[in-house]
Structures are given as C-alpha cells and as structure tokens.
Amino acid sequence: MKTLKAARFLLSLAARLDPWRLVGAVVVILAGCSAAPLAALSLARFADDVVSHQGHGALNLAVLAAALLVVQLMGSHFSHLCSGQLYERQLAELNIELIEIVSRPPGIEHLDDPAFADRVELVRSSLFGTTQAFESLLTLSGLLLQTAITAGILFSLDPWLVLLPLFAI
C-alpha cells in the first residue's frame, strides 16, 4: 500500500510540475518497450519470407525490424532524458518544500536541536532516492507492457508457451 501511495505521489508531483514532459516520458518509454517484442515478431516473419524466397516481403520486414529496434534504443535514451529532467524538478520542488517546513516554526531555536537537524538531514538525503524512484516507476510500466505483448505473442503461437517465462526463472 505504501508503494502505491508513493507511486501516486510521484506521478501527481510530476503531473503538477510538467505534465507535457510526463506524457512525453510515458509515451516514449511505452513505445520503446513495446518495440522489442514487435521487432522479434517481424524478424520471425522475415525469416519465413526468406525461406520461402519472397524477397519483397522480406525486405519490408527487415526495414520494419530495423525501425523497431531503433525505436527501442531511442525510446530508452529519450525516456531517460525526459524522466531525468522530471526527477530533477521533483527534487528541487521537494527541497523547497523541506526548506519551507523547516523554516515554518517561529524563531531559530529548533535549528539548534541536534535531533531535529539529524531528522532534517535524513529527509534531505533521502529525497534523491525518492525522486530516482520515479524513473524506476516509468521503467516498470514499460516492462509490464513489454511482458504483456510478449505473452500475447507466445499465446498466439501456442497457449502453452505462456508458461515458458515462468520456468525461465
């Protein structure tokens, strides 16, 4: 339950700070992750066309597979850039909120308390890991989509093949 709350918090913070960059990061990561199983499928059809001497179909499938692999590589790269800029903005926003919380009480006596300073430093140092989790959240969503597409491809070949990834663990 805490994980879902944290994920919801990170997504809402990113949506509040830069909604277009969030949409861009999600689209790019999902496109990049969905391209790999689709490239494998096009390569399988490519091999079938090569074996059956259908040169034009094989050429089209080779170009499609190459384009999908480029989408996968570029998706990984650009999603890291988009999400990296988002988590940097999240880190700055959370640091600003921490500064506001620390400076909210009247006076400065609470700043002299070593226990208070330790707690503030602990929170401040953990903010970086919290915002880094945002990129992991996006990557997880992409990997779940990739797994679903791969399972769909395996199921279309033979329903028993869906169990194959379970035995690979």
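## Gln146, the nonpolar cores and the salt bridges

Gln146 is buried, its relative accessible area being 19%, which falls below the cut-off of 20%. In this predicted model, the residue lies in helix H4, which covers residues 114-157. The side chain of Gln146 reaches the backbone oxygen of Cys33 at a distance of 3.3 Å. When neighbours within four places in sequence are set aside, Gln146 is in contact with Cys33, Ala36 and Pro37.

Cys33 also belongs to the largest nonpolar core, which has 10 residues in all. The other members are Leu10, Ala14, Leu22, Ala25, Ile29, Cys82, Leu86, Phe134 and Leu138. The elements that each give two or more residues to this core are helix H1 (2-17), helix H2 (19-51), helix H3 (55-103) and H4. H2 provides the largest share, 4 residues. In soluble globular proteins, nonpolar side chains tend to be buried together.

Ile29, one of the members of this core, touches Ser79, Leu138 and Thr139, not counting residues up to four places away in sequence. A second, separate core has 7 residues, including Leu13, Leu17, Leu94 and Phe116.

Turning to charged side chains, the whole structure holds 5 salt bridges. The table lists three, including two that involve Asp18.

| Salt bridge | Closest N to O distance |
|---|---|
| Arg16 and Glu93 | 3.4 Å |
| Asp18 and Arg21 | 3.0 Å |
| Asp18 and Arg89 | 3.4 Å |

What does the salt bridge between Arg16 and Glu93 tie together? Arg16 lies in helix H1 and Glu93 in helix H3, so the pair joins parts that are 77 residues apart in sequence. Arg16 counts as exposed, at 52% relative accessibility, whereas Glu93 counts as partly exposed, at 23%. Both residues also belong, with Glu97, to a network of salt bridges.

Asp18 counts as buried, at 13% relative accessibility, and forms salt bridges with Arg21 and with Arg89. The pair of Asp18 and Arg89 links distant parts of the chain, with Asp18 in the loop between H1 and H2 and Arg89 in helix H3, 71 residues apart. Both arginine partners are partly exposed: Arg21 has a relative accessible area of 30%, and Arg89 stands at 38% relative accessibility.

Conventions:
Residues numbered from 1 in each chain as written. Predicted model: local features only at pLDDT ≥ 70, side-chain atom pairs only at ≥ 80, totals over all residues. Heavy atoms only, no water. Buried < 20%, exposed > 50% of the residue type's maximum accessible area, 1.4 Å probe, protein only. Polar contact = N/O pair within 3.5 Å; in protein donor to acceptor, adjacent residues only side chain to side chain. Contact = heavy atoms within 4.5 Å. Core = buried A, V, L, I, M, F, W, Y, C linked by side-chain atoms within 4.5 Å. Salt bridge = Lys/Arg side-chain N within 4 Å of Asp/Glu carboxyl O.
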